[in-house]
Amino acid sequence: MSNLDAKPAPTTCGGERSTGPVRDLLAARRVPLGESTVVRRLLPSLGRRMVGAWCFVDHYGPDDIADEPGMQVPPHPHMGLQTVSWLHEGEVLHRDSLGSLQTVRPRELGLMTSGRAISHSEESPRPHARYLHGAQLWVALPDAHRHRAPAFEHHPDLPTVTAPGLTATVILGTLDGTTSPGTTHTPLVGADLTLTAGTTLDLPLDPDFEHAVLTMSGALTVDSVPLTPGSMLYLGTDRPHLPLYAPTDATFLLLGGEPFPEKLVMWWNFIGRSGEEILQARTDWETGTRFGEVHGYDGARLHAPALPDIPLKARGRER
Ligand code: MN
């Protein structure tokens, strides 16, 4: 998915230090995505920009799209990141400049590694399921891997971790010793957890990671903090386990990783290390070079928005 903000603000992030265990509730920002979709943006937010290498989190739906086109995100570029398409309901048809053409279904991993440059489109196929519900996640690539060749992976059968009342699908990285086949470039975890009503559980975590929880459906209590769908709780580091309680059937995402040590610049659909890199990427997309071409999408490609007046500089913790 693309950041479709007409005037995207530059975001500087990274260079975070360990926080210890905290409980910071992140407020979602409602952002229109195309004609018919509104998403709830959890990252970056005012108070927090990254969780490990996870640097962008949109939650959308469940939306009834029976009589609507659904998701229609025209071809657009990416640089310096991985995108994770993650669905609970519906399906998304992915096309990219490598020639990939892939339908991604609920609890299947569609993982696109942009490396130095890729472009893609995402659309609800025709016909499509009535409901669309999912999350769009980005992972920042570390400096040693951000110039690599682009790639797309589809993993329809992900490993699971189970316990009484719990089924966890490991999307990326490792949870409780179980590792996703998706390619990662920093130590992290992304998992989709389902708890049945009444379940109480201590979920084992890597204490070196910082973590956050995003509720997808139902009611969930995380370390005594009640969460409703679309809300995200940042949990900090140094947690060997996480106390969970589900008063109703509940589904949620667990995102975590080693605090990202590098400073970086996020603007529109690009992640770089300097304003000059972002400007060059924007120019290359607008002039039709470097990012390749997406074939088969019924519509025009996206244009990059105007650059902001303020300089795009990589900074650390300072806001
Ligand atoms: Mn995208």
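This section describes the overall fold, one sheet, the nonpolar cores and one loop residue of a predicted model.

The protein chain contains one helix and 26 strands. Its radius of gyration is 18 Å, close to the 20 Å given by the globule rule for 319 residues, so the chain is as compact as a globular protein of that length. The C-alpha trace extends over about 55 × 45 × 30 Å along its principal axes. Of the 319 residues, 57% are buried. Among contacts with a separation of 6 or more, 74% involve residues 24 or more positions apart. The exposed surface of the protein chain amounts to about 12700 Å², of which carbon and sulfur atoms supply 51%.

Strands of a sheet pair through backbone hydrogen bonds, in either a parallel or an antiparallel manner. In the model, four strands form an open sheet in the order E6-E11-E8-E9, and their pairing is antiparallel. Strand E6 (72-78) and strand E9 (101-104) are the edge strands, each pairing on one side only. From one strand to the next, the twist averages 20°. Within this sheet, strand E8 (residues 92-96) is joined to strand E11 (residues 118-123) by four bridges in the antiparallel sense. Opposite Leu93 stands Glu123 in E11.

In soluble globular proteins, nonpolar side chains tend to be buried together. The largest nonpolar core of the model comprises 35 residues, and the members that touch the most others are Trp54, Val57, Val84, Leu137, Leu172, Met232 and Leu253. Strand E12 (residues 131-140) makes the greatest contribution to this core, with five residues. When residues up to four places away in sequence are not counted, Leu137 touches Trp54, Phe56, Val57, Gln82, Thr83, Val84, Leu253 and Leu255. A second core, separate from the largest one, consists of 26 residues, including Val170, Leu195, Phe209 and Val225.

Thr248 lies in the loop between strand E23 (241-245) and strand E24 (250-257). Its relative accessibility is 34%, and Thr248 therefore counts as partly exposed. Although Thr248 and Thr196 are 52 residues apart along the chain, their C-alpha atoms are separated by 6.7 Å. With residues up to four places away in sequence not counted, Thr248 touches Thr196 together with Leu195, Ala197, Gly218 and Ala219. One of these contact partners, Leu195, is also a member of the second nonpolar core.

Definitions and conventions
Residues are numbered from 1 along each chain as its sequence is written. This is a predicted model: local features need pLDDT of at least 70, side-chain atom pairs count only at pLDDT 80 or more; totals for chains, interfaces and linings use all residues. Side-chain values use heavy atoms; hydrogens and water are left out. Two strands pair if DSSP finds at least two bridges between them. Helices (H or I, at least four residues) and strands (E, at least two) are DSSP runs, numbered from the N terminus. Axes are lines fitted to C-alpha atoms, for helices over the stretch in contact, and angles run from 0 to 180 degrees between N-to-C directions. The radius of gyration is taken over C-alpha atoms; the globule rule is 2.2 Å times the number of residues to the power 0.38. Buried means under 20% relative accessible area, exposed over 50%, partly exposed in between (1.4 Å probe, protein chains only). Contact means heavy atoms within 4.5 Å. Accessible areas come from the Shrake-Rupley method with a 1.4 Å probe; for residues, only the protein chains shown count as cover. A nonpolar core is a set of buried Ala, Val, Leu, Ile, Met, Phe, Trp, Tyr and Cys residues joined through side-chain atoms within 4.5 Å.
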